[in-house]
Amino acid sequence: MPKQGFQPFMESPLHHFKLDAEAQPRRADGRIWCNELPHLGYAVLRGDTAEAGFAQLVEQVTGLALPLKAGAVSQGPQGVLMWTSPDEWLLVSHRQRLADWTAQLDAGFAAQQLFAQTVDSSGGLTLAWLGGTQHITVLRHLGVYDFESIPLGHMVSTVLGKATVQVIRLDGDGVFVLFRRSFADYVWRLLRRAAQPYGFAVCQLEARSDHPLFAQLAAPQPLLVSA
Amino acid sequence: MLVITCPYCQEAREEEEFSYAGEAYIARPAVPEEADDATWGDYVFHRKNPRGWHWEQWQHVAGCRKVFAVKRHTVTYEIAGSWTLADGKALYLKEQA
Amino acid sequence: MSGYRIHRPGERINRQKPVSFQFDNVQYKAFSGDTLASALLANGVRLIGRSFKYGRPRGIVGFGAEEPNALIQLETGAHTVPDLKATQVELYQGLLAGSTTGYPSLDFDLKGLLGKFGRFMPPGFYYKTFMEPVKAWPVYEKYIRKAAGYGHAPVLPDPESYDHLHHHIDVLVVGGGAAGLWAATLAGRAGLKTLLVDEQSEMGGWLLTERRSRIDGLSGMDWVNQRLAELASLPNVSVLPRTTAFALHDLNLVQAVELLQDHLPLTERNAALPRQRLHKIRAHQVILASGAIERPLVFGYNDVPGVMTAAAGHSYLNRYGVAVGREVLVQTQNDAAYEAALDLAQCGVKVMLADARQGGAAAWRQQALKSAGVELLLGHGIAKVLGDKSVSGAQLVKLDGRNNQVVGSGPRLSVDTVLSSGGLTSTVHLFCHNGGRPVWNQQQLSFVCPDEGRDNIACVGAITGRWELSEALGQTHAAVAALLLGHGRGSSGNAPSVASEEVAAPRAIFRLPDGKPEGHGAKAFVDYQNDVAAADIHTAIRENYRSIEHVKRYTALGFGTDQGKLSNINGFAIAAEALGKPIAEVGTTTYRPSYTPVTFGALAGPHVGETFDVRRYTAMHASHDARKAEYEVVGQWLRPWYFPKPGEDLHAAVNRECLATRNSVGVMDASTLGKIDVKGPDAREFLNRIYSNAWSKLDPGKCRYGLMLDENGMVMDDGVTACLADDHFHMTTTTGGAARVYSWLERWHQTEWPELKVRFTTTTDHWATVAVVGPNSRQVLQKLCTDIDFDKDAFKFMDGRSGTVAGLPARVFRISFSGELAYEINVDANYGRYMWEEVMKAGAAFNITPYGTETMHVLRAEKGFIIVGQDTDGSMSPNDLAMSWAVGMKKPFSFLGKRSLLRSHTAGEGRKQLVGLLPLDPKVVLAEGAQILSNTDDTVPAAMQGHVTSSYHSAFLGRSIAMAVLKDGSKREGDTVFVWAHGKSVPAQVVSSVFVDKEGVRQHA
Ligand SMILES: [Zn+2]
């Protein structure tokens, strides 16, 4: 909790684009609709699937099954857990919940003497949602990966322009693009540029309680005070 | 541009996602201090650079960050396969034998 | 002035849509659907350019990508495009074009005078003539280039945009002629993801010109339209017109450029859409159906405007409704050109046809021509064309039936146009781009692609030498059906039915003889764009250039924007004859991308302007903007360089920032430093192996400076690493080395020591870092944080603490890159800007001064702290840097680089070593990079003793200081050396590189 007298505020990596100011309700036109999901919680999860108890503990704490297949994404109303490497996953959830999870996980890892850890990356990552009928085409303008082939419920880590990103495809409606804070300005400009032929619009994102990622926008941010 | 299969992501990906990580299975002398200058120099500086099949390491930097082994033909660019370092080593040693 | 319009059934122009355009400042009228070339010809314009070397008048020769002469400058200002081929420019209302050659003017060209003395300009003329004196070459070059002409590149920024599109498909078909359309149809029907590209504005290929053939009982274009309708109905098929596949790379990566808006008037282009799109296509299977291009014959003065290929004359007539002349001589050695003669004659053009063959074409063709009133001259060839800026006639000779020799004189014909056909040349370029070789086909007289193609590349239609439509479609069907079967797709049905016709064999003749030894008769051009005549090839071979690759380079044959599409085979054949070898043995030159020129815009695509390269920003960037920072790019980061107050320049600002920091407190954004979370039971052991110094005894809550060496023992990175827990470390790296070090750790762990239980996670972006630096920094921190004891003995230099700073969880490290009392505050980067502003507020009472990279550099140089990559260059060992204190030679494991430190070379004498330099004149700031000499009177070449690596004015010391690497520098303290730069040598004294606070009192305060 903030100390008396201090009023901390957060700024997401895309804060300077003032996206909320231009956001409008999404319409079913041919445009590309896009916005940032700011201030979510992210943690890198490291562990060894061969160690008894690791996967169970993760599922017990997060309610998300540890995905073992390359690129697979576990989803639940409280967040997602993505395979990023054979001994590495990314947890995304609401900031507060993520902090609770990682505390429980690290305590559990220590108690069971597992070679496992979480690394808070909430300050270093952000997500943008990219939708519209041509959203896959926009990715095809920027990256060599065969984005059409990503199965629903999967993510792929690849290159857009000159930046490494993760593309998460949960449904046919759009994709979530995950990228690092310091690359955010570049990635956003690149997406905006590539979307230009189809029309580019910033959409209001609704906190949908049934959605593994949009749901995480719902609760107020505990430390967020408007700047 | 090569197309390389990452044995961890289990998918063929464009070269752009990888970075070359040098010749594979170079043995670091177990006790460097006991290696003479020539042996050590050989380890640090000398590479096979063959015309033909070459065992090399690639790192999936834009993906899983894992380093793995690739057997690639340096003239035709044909790739015979890619393996985890451990799996590739068994094959490599068999070939060398 | 002889071209004119003729109504043709099925012509591709729209007479209901007239357009006007301008060429060389003259207004003309034409129709939508015209190319600039057809429009100029319809308006009787023949003189389009001057030749490269001799300034000879030149006109349009071809009708597509093969055109060598008609290079034009399109539009003006920012939209100008140089050297487009008029034959490929689609006309639009208001188009502005001009010639690119002709100096001082198109009508009067100075080089035209040179042309009169043509035999004094042999191949290699420029090399031979303008070699000496070397200094004058730039002068020669300027005028030669100006006189040679060719367009000028735009000097204004390109107002249009370009993009890229990546494809992953089953089948790519290159070429939308009959063969390509059929191949795409079969692949599409089989359900394969198929893309068909063709360079022209509409599909159809040669069927757009040739109107007599019937396919499955339909006219050619009806069949084309049926195919297009079917392809459009298949969701798995895409068809891209105006799209040139210009390169084929390994593993079937094909690059193609699509002209999305080039055919539209500038005012009608959609600013939201790109002008051109570069397609990068990965296809499991490539089907090359790129057809063939008709080549001309080589004969005297075959470059006079009005001499064209027969295919061009034919196409202008049937596609664009333009008759290229009123009295036309067709010169051929094959049957196909009879078709052009017939169509022209049926339009009322007076046509004569000379055939190099004694027997002429198949009887039915000869009959058809005679019925149409065409005069046939069998066994004849053109000796030379008459006319200067336009054809006025032709002198023929009688040819021997077997040898390519003249046996008698022929008639002198009065004609205004000459069409010639030397047979077809298969368009094999893409097949050869990544190593494929074409094969010589002596029956069809062309290098062709082999029927079997090669791995995952099929070749269909005319590219395999199948000139006849029935054969081309038959072979296409068989090849594609086999391919589909290989993909497990069933029957492909029957091939389209086309009646086969009797054809007489072509004659193997390329250069029509004129009865004179080569070089003595009228110039006969092989390569128009480079002014290479048949005689030049003979000269090259006489001068002993034997390989065709050398002949090409000596004569310039096949260079240029047409890439020898018309000239290559003629050139190879003439070289073969001169060498007395078969053409197959002479072979071809190497085909390289691009097939046709590609704009830089298309290649760059989205990687221009604000998305040219990655720009990385820290979380505090808006704060730096608000304080009017000047920036510099470090790696990909944009970092504050200095924070000028009104009226301050770099030096004034840096002097102020340095003094404020040393005397009170400064603040810097250190977020760009690489940060890696290292954790695991073996983390400590791993650090022992990867760093040169020891990590076994670093307690939690302590930090240590670490030096990373490569296996060669040279410094590759450095940084401070903090111990958070026994098995947990917070590593920092240099800003530029972050990614490299992260990769380095992973590689050593995965390849060499996988048994160590340790993991690395990058946290560079997660932490925002504010460095608070200076004697008052403690008081600033105390205002922000109450749960950390900042007492000098409780929180010592090189300690780390976790606590609450400005209400936020933070990691605070007492480390210093300035030699001052200093703290680095790390918080979740979402709070980075908040933290910066809180520090500024807390520091206001001490006049806290933000500073950038320049002040950071000065402060660290005053302390002699190195910057890896500035004071080191990959050849500096710790000993060279006087940093042996950071090498733990007694560590049990032989850390990276240790053994190399013992190599005789690394441990030997004469190495460059880091020193400090004090210029004897304290006002002189030495030039960074300047060489160091031992004596002031050293003459060239002087023995270089080393160089200056860092050099600044130190406001704190009131004098200049420098760091340098100097041969055996560690033993030379007190020496005077001479630093040479800008023509002057400046004396400086060798000193310790620690200039300020040698005892380290300040940082321990
Ligand atoms: Zn991978």
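A crossover is right-handed if, with the strands pointing away from the viewer, the path from the first strand over the helix to the second runs clockwise. The exercises below concern a predicted model.

**Exercise 1. Describe the surroundings of strand S20 of chain C, starting from the unit it forms with H8(C) and S21(C).**

Solution.
- Step 1. Locate the elements: S20(C) spans residues 327–332, helix H8(C) spans residues 337–346, and S21(C) spans residues 350–355.
- Step 2. Assign the handedness: S20(C), H8(C) and S21(C) make a right-handed β-α-β unit.
- Step 3. Examine the pairing. S20(C) and S21(C) run parallel, joined over 6 bridges. S20(C) also pairs in the parallel sense with strand S26 (residues 417–421) of chain C, over 5 bridges.
- Step 4. Find the register. Gln331(C) stands opposite Ala354(C) in S21(C) and opposite Ser420(C) in S26(C).
- Step 5. Check the burial: 5 of the 6 residues of S20(C) are buried, so the strand is mostly covered, buried meaning under 20% relative accessible area.
- Step 6. Place the unit in the annotation. UniProt, in an unreviewed entry, gives residues 170–439 of chain C as "domain: FAD/NAD(P)-binding". Over those residues the chain is 23% helix and 37% strand, with the end C-alpha atoms 27 Å apart.

**Exercise 2. In what order do the 5 strands of the open sheet S3-S2-S8-S6-S7 of chain C lie, and which strands are at its edges?**

Solution.
- Step 1. Read the order: S3-S2-S8-S6-S7 in chain C, with mixed pairing.
- Step 2. Identify the edges. Strand S3 (26–32) and strand S7 (81–85) of chain C each pair on one side only.
- Step 3. Add the twist, which averages 40 degrees from one strand to the next.
- Step 4. Look at one pair. Strand S2 (residues 14–23) of chain C is antiparallel to S3(C), over 7 bridges. In this pair Phe21(C) faces Tyr28(C) of S3(C).

**Exercise 3. Which residues have the most contacts inside the largest nonpolar core?**

Solution.
- Step 1. Take the core of 57 residues: Phe21(C), Leu36(C), Ile72(C), Leu95(C) and Tyr316(C) have the most contacts inside it.
- Step 2. Find the main contributor: helix H8(C) gives the most to this core, with 7 residues.
- Step 3. Follow one member. Leaving aside neighbours within four places in sequence, Leu36(C) touches Phe21(C), Ile72(C), Ala86(C), Val89(C), Leu91(C), Leu95(C) and Ala97(C), each by a contact.
- Step 4. Separate the other core. Apart from the largest one lies another of 44 residues, including Tyr642(C), Tyr851(C), Met856(C) and Val996(C).

**Exercise 4. Compare the backbone and setting of Tyr25(B), Leu251(C) and Ser594(C).**

Solution.
- Step 1. Recall the usual case: most residues other than glycine have a negative phi, and most peptide bonds are trans.
- Step 2. Take Tyr25(B). Its phi is positive, about 60 degrees, although it is not a glycine. Tyr25(B) lies in the loop between strand S3 (19–23) and helix H1 (37–45) of chain B. Its relative accessible area is 17%, so Tyr25(B) is buried.
- Step 3. Take Leu251(C), also not a glycine, with a positive phi of about 55 degrees. This residue sits in the loop between strand S14 (243–249) and strand S15 (253–259) of chain C. At a relative accessible area of 49%, Leu251(C) is partly exposed.
- Step 4. Take Ser594(C). The peptide bond to it from Pro593(C) is cis, with omega near 5 degrees. Ser594(C) belongs to the loop between helix H15 (583–586) and helix H16 (600–604) of chain C. UniProt (unreviewed entry) places "domain: SoxA A3" at residues 523–605 of chain C.

**Exercise 5. Which residues are in contact with Glu33(B) and with His766(C), neighbours within four places in sequence aside?**

Solution.
- Step 1. Place Glu33(B) in the loop between S3 and H1 of chain B. With a relative accessible area of 35%, Glu33(B) is partly exposed.
- Step 2. List its contacts: Ser894(C), Lys898(C) and Arg899(C).
- Step 3. Place His766(C) in the loop between strand S40 (759–762) and strand S41 (767–773) of chain C. His766(C) is buried because its relative accessibility is 4%.
- Step 4. List its contacts. In chain A they are Asp120(A), Ser121(A), Ser122(A), Gly123(A) and Gly124(A); in chain C they are Val827(C), Asp828(C) and Ala829(C).

Key:
Residues numbered from 1 in each chain as written. Chains lettered and ligands numbered in written order. Predicted model: local features only at pLDDT ≥ 70, side-chain atom pairs only at ≥ 80, totals over all residues. Heavy atoms only, no water. UniProt positions renumbered as here; feature names shortened; annotations may be inferred. Pairing = 2+ DSSP bridges. Helix = DSSP H or I, 4+ residues; strand = E, 2+ residues; numbered from the N terminus. Axes fitted to C-alpha atoms, helices over the stretch in contact; angles between N-to-C directions. Core = buried A, V, L, I, M, F, W, Y, C linked by side-chain atoms within 4.5 Å. Buried < 20%, exposed > 50% of the residue type's maximum accessible area, 1.4 Å probe, protein only. Contact = heavy atoms within 4.5 Å.
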